[in-house]
Amino acid sequence: MAAARVLLLLSGRPVSPSFVQSVCRLLGAGPGLGPWATLCGLKRGRLVLSDGPSPGASTRLPLQDDPFCPFVALDQQLKAPGAELPRNRGVDLGVAIILQSSDQTVLLTRRTRTLSVSPNLWVPPGGHVELDEELLDGGLRELWEESGLQLPQGQFSWVPLGLWESAYPPRLSWGLPKYHHIILYLLVVSQESQQQLQARIQPNRSEVSAFMWLGPDVAAAVAATEDGTETPRHLPQELPPSVLTVELAEEGGARPLALPVSTLLRTTPTTAEGKERVSSGTKFALRLWLQHLGRGTPLPCDSGPRACKEEQNMGPLPPDQGSGKGSA
């Protein structure tokens, strides 16, 4: 088995979670939607999560998963005979960058419809981290590979926002899960405006089919459409009917596109469909971003690894600058 990318400390004992195990439940998260304040350590090429105080996991971050997480469902039922679940695999690690411009908009990209994983979803730039990479550097590298943006050294700050347990397919009704990640969302605040960043974007057409800059008002409406909740949250009365995006034409070039806001408010369907929507993890990250701006309501905290009071008092890492391939 490859080196563990996500390592748990359970009662001080190191454990590498298997592919089919729910990380949230291993850490003691109770029933409910979360998030759960969780102690973590951001290591080179690795994430350490702990169910108690530990020298190797001293940063508190909110951790959440989908209410319909397939790994929780698999824990609660007998495995089907002959089920083709991956063997000898652990939980992988991903990093996504919430890139904020100086005028407080964030970059989202739409994955191409031909990708085998999460096609047609709106997500922030991100991907896997290499074993020898610092987590911030891995995120900045993915930002550069997907958007062409390299952030000048000393002209941005950053802070970790939260952790999302991700599965694909996201529901058992879509089929057995093939991928299992913990996604670390990092907020990177650029000193450049949206217009300055926009002028330098060169999207990777093999992964990105469109991109947009989302402001706090529309982001709040998107974040409020939380997947799995029976009662929708209150939405602003004066939402614009559409948001401006840039769509990459198949024949080359790009064109502006007015994307209906209703498209961004869709939730995860119960059956596998390629409908354009914002991913559940991205909605979670947008809620954290708005809270960071002081624009959002503090996230509720269900019973779990850490107490709710601790989460509200958690302190982020100090702002820093990157040093890897993602910076120039």
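## A walk through the predicted fold

Let's start at one residue: Leu-42 sits in strand β3, which spans residues 36-43. With a relative accessibility of 25%, Leu-42 counts as partly exposed, because the buried class ends at 20%. Its C-alpha atom is 9.5 Å from that of Pro-160, although the two positions lie 118 residues apart along the chain. Please keep in mind throughout that this is a predicted model.

That pairing of positions leads to the overall picture. The chain comprises eight helices and 15 strands. Of its 328 residues, 52% are buried. If you take the contacts between residues at least 6 apart in sequence, 72% of them join residues at least 24 apart.

Next come the charged side chains. The structure contains eleven salt bridges, and a few are worth visiting in turn. Arg-110 and Glu-247 form one of them, with an N to O distance of 2.9 Å. This pair ties together distant parts of the chain: Arg-110 belongs to strand β7 (residues 106-111) and Glu-247 to strand β13 (residues 242-248), 137 residues apart. Are these two partners buried or exposed? Arg-110 has a relative accessible area of 7% and is buried. Glu-247 is buried as well, at 15% relative accessibility. Both values fall in the buried class because they are under 20%.

A second salt bridge joins the side chains of Glu-192 and Arg-200, at 2.5 Å from N to O. Here the partners fall into two classes: Glu-192 counts as buried at 12% relative accessibility, whereas Arg-200 counts as partly exposed at 29%.

A third runs between Glu-273 and Lys-275, whose closest N and O atoms are 3.8 Å apart. Glu-273 is partly exposed, at 35% relative accessibility, and Lys-275 is partly exposed too, with a relative accessible area of 47%. Elsewhere, Arg-110, Glu-247, Arg-255 and Glu-276 are joined into one network by salt bridges that share partners.

Now turn to a pair of helices. Helix α5 (residues 216-224) and helix α7 (residues 280-293) have axes that come within 9 Å and cross at roughly 135°. How are α5 and α7 oriented to each other? They are oblique, because an angle has to be over 145 degrees to count as roughly antiparallel. The crossing of the two helices is left-handed.

On the α5 side of this contact you will find Pro-216, Ala-219, Ala-220, Val-222 and Ala-223; on the α7 side, they meet Lys-283, Leu-286, Arg-287, Trp-289, Leu-290 and Leu-293. By type, the residues of this contact comprise nine nonpolar and two charged ones, with no polar residue among them.

Helix α5 deserves a further look, since seven of its nine residues are buried and the helix is mostly covered. Those buried residues are Pro-216, Val-218, Ala-219, Ala-221, Val-222, Ala-223 and Ala-224. What covers them? The cover includes β12 (208-214), β13, α6 (261-264), β15 (277-278) and α7. Strand β13 has come up before, as the home of Glu-247.

Another helix to inspect is α3 (residues 135-147), where Glu-142 is found. Glu-142 is buried, with a relative accessible area of 9%. Apart from its neighbours within four places in sequence, Glu-142 is in contact with Gly-126, Gly-127 and His-128.

Finally, some backbone details in the loops. The peptide bond from Tyr-168 to Pro-169 is cis, and its omega is near -5°. Pro-169 itself lies in the loop that runs between β10 (156-168) and β11 (179-190).

Two residues other than glycine have a positive phi and make a nice pair to look at. Ser-11, in the loop between β1 (6-10) and β2 (13-15), has a phi of about 55°. Asn-120, in the loop between β7 and β8 (121-123), has a phi near 70°. Where do the two stand in terms of accessibility? Ser-11 is exposed, with a relative accessible area of 73%, whereas Asn-120 is buried, with a relative accessible area of 5%.

Methods. Residues numbered from 1 in each chain as written. Predicted model: local features only at pLDDT ≥ 70, side-chain atom pairs only at ≥ 80, totals over all residues. Heavy atoms only, no water. Salt bridge = Lys/Arg side-chain N within 4 Å of Asp/Glu carboxyl O. Helix = DSSP H or I, 4+ residues; strand = E, 2+ residues; numbered from the N terminus. Buried < 20%, exposed > 50% of the residue type's maximum accessible area, 1.4 Å probe, protein only. Axes fitted to C-alpha atoms, helices over the stretch in contact; angles between N-to-C directions. Parallel < 35°, antiparallel > 145°, perpendicular 65-115°, else oblique. Left-handed = near helix turned anticlockwise from the far one by under 90°. Contact = heavy atoms within 4.5 Å. Nonpolar A, V, L, I, M, F, W, Y, C, P; charged D, E, K, R; others polar.
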